[in-house]
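Let's take a relaxed tour of a protein chain. Have the sequence and the 3D view open as you read.

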Amino acid sequence: MLQATDLRKEYGSLVAVDDVDLEIETGEFATIVGPSGSGKSTLLHMLAGHLEPSGGTITLDGEDITDTKPQERPTSLVFQSWALFPHMTVRENIEFPIRTTGRSVDGQVETLLEQVQLDPEVQADKQVSELSGGQRQRVALARSLAYDPDILLLDEPLASLDYVLQKQLQRELADLNVELDMTFVYVTHSLEAALVMSDKLFVIDEGDLIQTGPPEEIYREPNNKFIAEFMGDANVFAVDVVDSDGETVTVDSGEFEGSVTVSTPIDDAPEYLVVRHDDCVVEPTLRRAVGAPVNVDNVLVRGNTVLVECSSTTTDDDYVAEVDYDHFESVDIAVGDTAYIQWETEKSILVPE
């Protein structure tokens, strides 16, 4: 288990990481996710040993490695910039960490290239300059694996790739994590990447770790408004609590029609109702349990789905519904219409600020 306790990093008066605690089990694919500047890469580089913590401890299987040099830790770091040696071939790049650790290179280059979905016969003897972006990232991954680490640390390694290639490599990384039974710690600001690949998420903002858990749990049970909005496209309504019995909470709002009663694990009194775009529909009349009157401002067809962009008739708020194309065609909604954005009660998520 990789564990950080009260881990902290300060730059003068700036606190980049604020007394973070985390636990990552052996073999897990853990993702540290948050907006740009939240402290996630700083946290990762402290785990790697490239940054010295201002406070706190890092342990691996019970052994304190806080002051252990990076090269003496059983970790390997994949950078966003790939960091390949431009004067070396693919083979030489991968052989480098094997030779520096005193191990035999016999057959390892071929095995590592196959693990990252590259054909050794085609790619091994190419110059780095001959590779595409996706191929370079795969070679960088293979070279990091060549250190034979217990833990692979990945600092937004797909950020510079195009969207299609990112999706492909996300799936390949998740598969590789299972194949190698190796701990992966991945940093990203991409919600999609975090949801697709991870066993466990650590959501960080302004240096604070604000929620930890499986992706589906955090998506469906966010701790607060920030996480609810960050973890996916969401419509947000300010609410007032009208009743609470300790297990369920009833709220209403001047922004939507009907009251909403849901069970909630949140200890703090909810201030907002959140509903995902794809849990909403827009129709001329209110047919679901909850709905808000809106003006239809825009309609964007995205293949099999349609984004219906709306504005409240009573406030300055904007909302979006993501609906099936066939459903959209059946309800006869057009730009300029007045309608209801609506959803069923069980799709409602209540959160504090």
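Here is a short report that goes from the whole chain down to single pairs of side chains.

## The big picture

First things first: this is a predicted model. The protein chain has 10 helices and 21 strands, and its C-alpha atoms fill a box of roughly 70 × 45 × 35 Å along the principal axes. Of the 353 residues, 51% are buried.

Now look at who touches whom. Take the contacts between residues at least 6 apart in sequence: 66% of them join residues at least 24 apart. As for the outside, the accessible surface comes to about 16,300 Å², and carbon and sulfur atoms account for 43% of that.

## Charges on show

The chain carries 22 positive and 69 negative charges, and the mean positions of the two groups are 9 Å apart. On the surface you can find a patch of negative charge made by Glu52, Asp61, Glu63, Asp64, Asp67, Asp148 and Asp150.

Zoom in on one member of that patch, Asp61. It sits in the loop between strand 4 (55–60) and strand 5 (63–64). Is Asp61 buried or exposed? Its relative accessible area is 60%, so Asp61 counts as exposed, the cut-off being over 50%.

## Helix 2 and its neighbours

Helix 2 covers residues 90–100, and its buried residues are Val90, Asn93, Ile94, Glu95, Pro97 and Ile98. These buried residues pack against helix 3 (108–115), helix 4 (120–123) and helix 5 (133–145). Just after helix 2 comes Gly102, with a positive phi of about 75°.

## Salt bridges

Side chains of opposite charge can pair when their charged atoms come close. How many salt bridges does the structure hold? There are 16.

One of them joins Arg8 and Asp18, at 2.5 Å from N to O. This pair links distant parts of the chain, with Arg8 in strand 1 (residues 2–11) and Asp18 in strand 2 (residues 14–24). Arg8 is buried at 19% relative accessibility, whereas Asp18 is partly exposed at 27%.

Helix 2 has a part here too: Arg91 forms a salt bridge with Asp125, and their closest N and O atoms are 3.1 Å apart. Arg91 is in helix 2, while Asp125, 34 residues away, is in the loop between helix 4 and helix 5. Arg91 is partly exposed at 22%, and Asp125 is exposed at 56%.

A further salt bridge pairs Arg138 with Glu172 at 2.9 Å, N to O. It connects helix 5, home of Arg138, to helix 6 (residues 163–180), home of Glu172. Both Arg138 and Glu172 are buried.

Methods:
Residues are numbered from 1 along each chain as its sequence is written. This is a predicted model: local features need pLDDT of at least 70, side-chain atom pairs count only at pLDDT 80 or more; totals for chains, interfaces and linings use all residues. Side-chain values use heavy atoms; hydrogens and water are left out. Helices (H or I, at least four residues) and strands (E, at least two) are DSSP runs, numbered from the N terminus. Buried means under 20% relative accessible area, exposed over 50%, partly exposed in between (1.4 Å probe, protein chains only). Contact means heavy atoms within 4.5 Å. Accessible areas come from the Shrake-Rupley method with a 1.4 Å probe; for residues, only the protein chains shown count as cover. Lys and Arg count as positive and Asp and Glu as negative; His and the chain ends are not counted. The place of a charge is taken as NZ of Lys, CZ of Arg, CG of Asp or CD of Glu. Patches are made of residues with over 30% relative accessible area and no salt bridge: like charges are joined within 9 Å, nonpolar side chains (Val, Leu, Ile, Met, Phe, Trp, Tyr) within 5 Å. A salt bridge is a side-chain nitrogen of Lys or Arg within 4 Å of a carboxyl oxygen of Asp or Glu.
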